[in-house]
Amino acid sequence: MKLKRLTTLALYVTLSLAVYAVESAIPPLVPIPGIKLGLSNIITLILLHHFSLRETALVLTARILLSTLLFGQFMSFLYSLSGGALSLLAMFFICRLLHNKMVFLTGAVGGLTHNLGQLLTAFALTATPGVLSYLPFLVLSGILTGLFTGFTAYFTDKYLLPHMGRDDFSSSSSS
């Protein structure tokens, strides 16, 4: 991987971590555990459109690891990694299926699958069927927050990033 590209990916890790830190300081929107905006997913959506799956997964994994070390605990690592991995794979396939169009739909699928991945992890760890009662709330919140992050990623990519010289760093080739 070229140094310029690696540096750009490191900057995206930093940006994603900063967005995560800001979101962590925001009080919960609803009194249901596990529901949050998922603002760092904006960075993942942008990366999926300009970088390879491997590079996007590298940034996502680095952000999850660093955010766990700085703000969380080991259990949050398991939940974040399972939700993030399932979400990334689903969004990758949706991106390819829709030819990188309709980012808002990709975001909705990402939010939904992230919550499903976390719910499945909770069920696997606790073996308590009661955790599945969160399913309707997590489905609805995942779709709504995913739509929000998808629209935000679309407008950020369209209006903000072209003015920041993004095209110099983020060609779709993978190294």
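**Exercise 1. Which helices do the buried residues of α3 pack against?** Work with the predicted model.

*Solution.*
Step 1. List the buried residues of α3: E55, T56, V59, L60, R63, I64, S67 and T68.
Step 2. Find what they pack against. The partners are α1, α2 and α4.
Step 3. Check the helix geometry. The 19 residues of α3 should span 27 Å at 1.5 Å a residue. The end C-alpha atoms of α3 are 26 Å apart, which agrees.

**Exercise 2. Find the buried residues of α1, what covers them, and the span of this helix.**

*Solution.*
Step 1. The buried residues of α1 are R5, T8, L9, Y12, V13, S16, L17, Y20 and E23.
Step 2. Their cover includes α2 and α3.
Step 3. α1 has 23 residues. From its first C-alpha to its last, α1 reaches 33 Å, close to the 33 Å expected at 1.5 Å a residue.

**Exercise 3. Describe the largest nonpolar core and say which elements build it.**

*Solution.*
Step 1. Count the members: the largest nonpolar core has 22 residues.
Step 2. Pick out those with the most contacts inside this core. They are Y12, I46, L47, L48, V59 and A153.
Step 3. Assign the elements. Those giving two or more residues to the core are α1 (3-25), α2 (41-50), α3 (53-71) and α4 (74-97).
Step 4. Compare the shares. The largest, six residues, comes from α2.
Step 5. Look at one well-connected member, L48. Beyond its neighbours within four places in sequence, L48 is in contact with L53, T56, L88, M91, F92, C95 and R96.

**Exercise 4. Is T44 buried or exposed, and which residues does T44 touch?**

*Solution.*
Step 1. Place the residue: T44 is in helix α2.
Step 2. Apply the cut-off. Buried means under 20% relative accessible area. T44 has 6%, so T44 is buried.
Step 3. Leave out residues up to four places away in sequence. T44 then touches T56, L60, L88 and M91.

**Exercise 5. Locate V103 and trace its contacts.**

*Solution.*
Step 1. V103 belongs to helix α5 (residues 103-126).
Step 2. Its relative accessible area is 9%, so V103 is buried.
Step 3. Set aside neighbours within four places in sequence. V103 is in contact with L45, H49, G150, A153 and Y154.
Step 4. Take one of these partners, Y154. V103 and Y154 are 51 residues apart in sequence, yet their C-alpha atoms are 6.0 Å apart in space.

**Exercise 6. Which residues make the nonpolar surface patch of about 500 Å²?**

*Solution.*
Step 1. The patch is made by L65, L66, L69, L70 and F71.
Step 2. Place one of them: L65 lies in helix α3.
Step 3. Classify L65. Its relative accessibility is 43%, so L65 counts as partly exposed.

**Exercise 7. Examine the backbone of N100 and M102 in the loop between α4 and α5.**

*Solution.*
Step 1. Recall the rule: most residues other than glycine have a negative phi.
Step 2. Check N100. Its phi is near 60 degrees, a positive value in a residue other than glycine.
Step 3. Check M102. Its phi is positive too, about 50 degrees, although M102 is not a glycine.
Step 4. Add the accessibility. N100 has a relative accessible area of 32%, so N100 is partly exposed. M102 has 40%, so M102 is partly exposed as well.

Conventions
Residues are numbered from 1 along each chain as its sequence is written. This is a predicted model: local features need pLDDT of at least 70, side-chain atom pairs count only at pLDDT 80 or more; totals for chains, interfaces and linings use all residues. Side-chain values use heavy atoms; hydrogens and water are left out. A nonpolar core is a set of buried Ala, Val, Leu, Ile, Met, Phe, Trp, Tyr and Cys residues joined through side-chain atoms within 4.5 Å. Buried means under 20% relative accessible area, exposed over 50%, partly exposed in between (1.4 Å probe, protein chains only). Helices (H or I, at least four residues) and strands (E, at least two) are DSSP runs, numbered from the N terminus. Contact means heavy atoms within 4.5 Å. The expected span of a helix is 1.5 Å times one less than its number of residues. Patches are made of residues with over 30% relative accessible area and no salt bridge: like charges are joined within 9 Å, nonpolar side chains (Val, Leu, Ile, Met, Phe, Trp, Tyr) within 5 Å. Accessible areas come from the Shrake-Rupley method with a 1.4 Å probe; for residues, only the protein chains shown count as cover. A salt bridge is a side-chain nitrogen of Lys or Arg within 4 Å of a carboxyl oxygen of Asp or Glu.
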